[in-house]
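Let's work through a few exercises together. Keep the sequence and the 3D view open, and try each task before you read its solution.

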Amino acid sequence: MLLTACTLAQGMEIPTTLPTSRPTLPPSTLVSTTARDVHSIATASPAPTATMSSFDCSDLRKDKTTDYNVTAEMQYARHYLKVAETITYTNITDKSLSTIVLNVKPNWQAGIFKLSTAELANGESLKTSLVKQRLEIELPQPLDPSCTLNLNLNFDLHIPPIDTAGLHAYQGYLGYSARQTNLGQWLPVVAAHDGVSWISHEEFPIGEQDALDRANWDIHFHIIDATESIQIASPGTVEHVNNAEWHFSLPQMRDFSLSIGTNYRLQQQKTNSGINVELYSFDDAIIPNQSSGLDSGAYALNTVVKSVNLYETLYGAYPLKRLVIVEGDFPDGMEFSGIVFVGGEYFRGLNGVESYLTIISVHEVAHQWWYGKVGSDQAIYPWLDEALATYSELVFIEKYYPTLADWWWNFRVNRLAPQGYVDSTVYEFTTRRAYINAVYLRGVKMLAELRTELGDDVFFGWLNRYASENSDRLVTPQYFWSLLTSEQYTRTESIRQTYLRQPQVIASTPSTCTSETPCTP
Ligand SMILES: [Zn+2]
């Protein structure tokens, strides 16, 4: 049985520590029905103060997005990287910060990430504390609102082998196989700040736990032992400086992830709007049959192009010029900014449109809107991106294969008789099956009922406005529902009552959730 973290095509029991107690629910704030028309989410506005004194307060940055400037030197055969990361971070909260919290996703297990130094730009050494994925850095003086801090981190990464058949197989987006090394979310990033505290969630074997702000990425990548067969699949602007050096840049995206492989087969096709879709697969994506091989790479590429055409029409423009799809040597689909992985087993298992390859590919592409464009807290509100990505599978099927809509409902949803609250956090589940049933599958049932109640025009207009949300802040369910008019909000009340534990939208988000305190919304 194979799993998927993002798309969870199939399920399996996972031994986890059951949360023994539920925390007290935060007070719910009813969204005033008189204020149901479009209103912005509460933001902590970065008010410049007269007492700016800390660090760089002299030259206030117009673009307050965090910059990551990275130099990485990789020994490919050893799966080892030495990384220097410079972080330029502007305090966009309205209070002085005495510590900075970074989320270090690679530190989900010991032995992968090793911090050598953390320093200010002037070389002053900083006190750090790394506990699981939370790296807390003590500042020698407070960082005032709107002021900017320059940090240098030096660290090593020992990429683990992909745990092909084990519980952690789905984390193969940061792992290597004989022919591929994947660097999904390999860099420490400054945690998002919700105006009250840093958002840093404990790693958990169900779902994803990231809440990622947009950032600017500039990466110099050097493979010391590069051979001619090595190729890098990466998003953004790519400059192949020479055989062993690459320069990548990816502005205003939530992560910079890449895949390095040998003997990738690259296929490309343009969408209606001119986006270049690039698909990296291996020879095993060609399925032998009686006469000639069936090229599942070509099928996936065509499927992805059609899905981008459709989603751009419905949800708005895809924000980059390229979209990269990689056949992953792990049993999963996983989305990153401008690049997605689709598990090799789906390529090898292609058997007509009614295959996982179809629905997983378009699901991951849909995350370019529901994750990439609109960012949310994936641990606390996983339905915000997953229910919409899963529903987008149906939208694709209805458009291109309308006679298969019933197949999709039965295959993907109804045969599993899903139960559970759509607005559960990832920490509330002990099996991935139960998680996907509640969050993804009951999520699509909720969206289907909303569409029936509101009608296609209103429903898709709503999703389009939601996708066009362009603030740098992470959005919440409150924002999602706030895009309905008061009449539409009232009309859909019974649907929320059916599917949500908390049908009245809450205003605040718990920031730090663990398996012990799962932060039930
Ligand atoms: Zn997903």
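**Exercise 1.** At roughly what angle do the axes of α1 and α5 cross?

*Solution.* Before starting, note that this is a predicted model, in which local features need pLDDT of at least 70 and side-chain atom pairs count only at pLDDT 80 or more, while totals for chains, interfaces and linings use all residues. Residues are numbered from 1 along each chain as its sequence is written.

Step 1: find the helices, which are DSSP runs of H or I with at least four residues, just as strands are runs of E with at least two, numbered from the N terminus. Helix α1 covers residues 296-315, and α5 covers 382-400.

Step 2: compare the axes, which are lines fitted to C-alpha atoms, for helices over the stretch in contact; angles run from 0 to 180 degrees between N-to-C directions. The axes of α1 and α5 cross at roughly 105 degrees and come within 10 Å.

Step 3: put a word to the angle. Under 35 degrees counts as roughly parallel, over 145 as roughly antiparallel, 65 to 115 as roughly perpendicular and the rest as oblique. The two helices α1 and α5 are therefore roughly perpendicular.

Step 4: look at who meets whom; a contact means that C-beta atoms, placed from the backbone, lie within 7 Å. From α1, Lys-306, Ser-307, Leu-310, Tyr-311 and Leu-314 meet Ser-392, Val-395, Phe-396, Lys-399 and Tyr-400 of α5.

**Exercise 2.** In what order do the five strands of the open sheet with mixed pairing lie?

*Solution.* Step 1: strands pair if DSSP finds at least two bridges between them. Following the pairs gives β18-β19-β22-β24-β23.

Step 2: check the ends. β18 (265-270) and β23 (333-336) are the edge strands, each pairing on one side only.

Step 3: read the directions. β18 and β19 (residues 276-281) run antiparallel, joined by six bridges; here Lys-270 has Asn-276 as its bridge partner. β19 and β22 are parallel, with five bridges, and Asn-276 stands opposite Arg-322 of β22. Five bridges also link β22 to β24, again in parallel, with Val-326 opposite Phe-341.

Step 4: add the helices. α1 lies across β18, β19, β22 and β24, at about 150 degrees to β19. Helix α3 (residues 356-366) touches β23 and β24, making about 160 degrees with the direction of β24.

**Exercise 3.** Is β22 largely enclosed or not, and why?

*Solution.* Step 1: a residue is buried if 20 or more other C-beta atoms lie within 10 Å of its own, exposed if 12 or fewer, and partly exposed in between, with C-beta atoms placed from the backbone.

Step 2: six of the seven residues of β22 are buried, so the strand is largely enclosed by the rest of the structure.

Step 3: pick Ile-325. Leaving out residues up to four places away in sequence, Ile-325 touches Val-277, Leu-279, Ala-300, Val-304, Val-340 and Val-342.

**Exercise 4.** Which residues of helix α6 are buried?

*Solution.* Step 1: in α6 (residues 405-413), the buried ones are Trp-408, Arg-412 and Val-413. They span an arc of only 75 degrees around the axis (taken from the directions from the helix axis to the C-beta atoms), so they sit on the same side of α6.

Step 2: turn to the other side of α6, where Asp-406 and Asn-410 are exposed.

Step 3: ask what provides the cover. The buried residues of α6 are covered by elements including α3, α5 and α7 (432-454).

Methods. Two residues are in contact if their C-beta atoms, placed from the backbone, lie within 7 Å.
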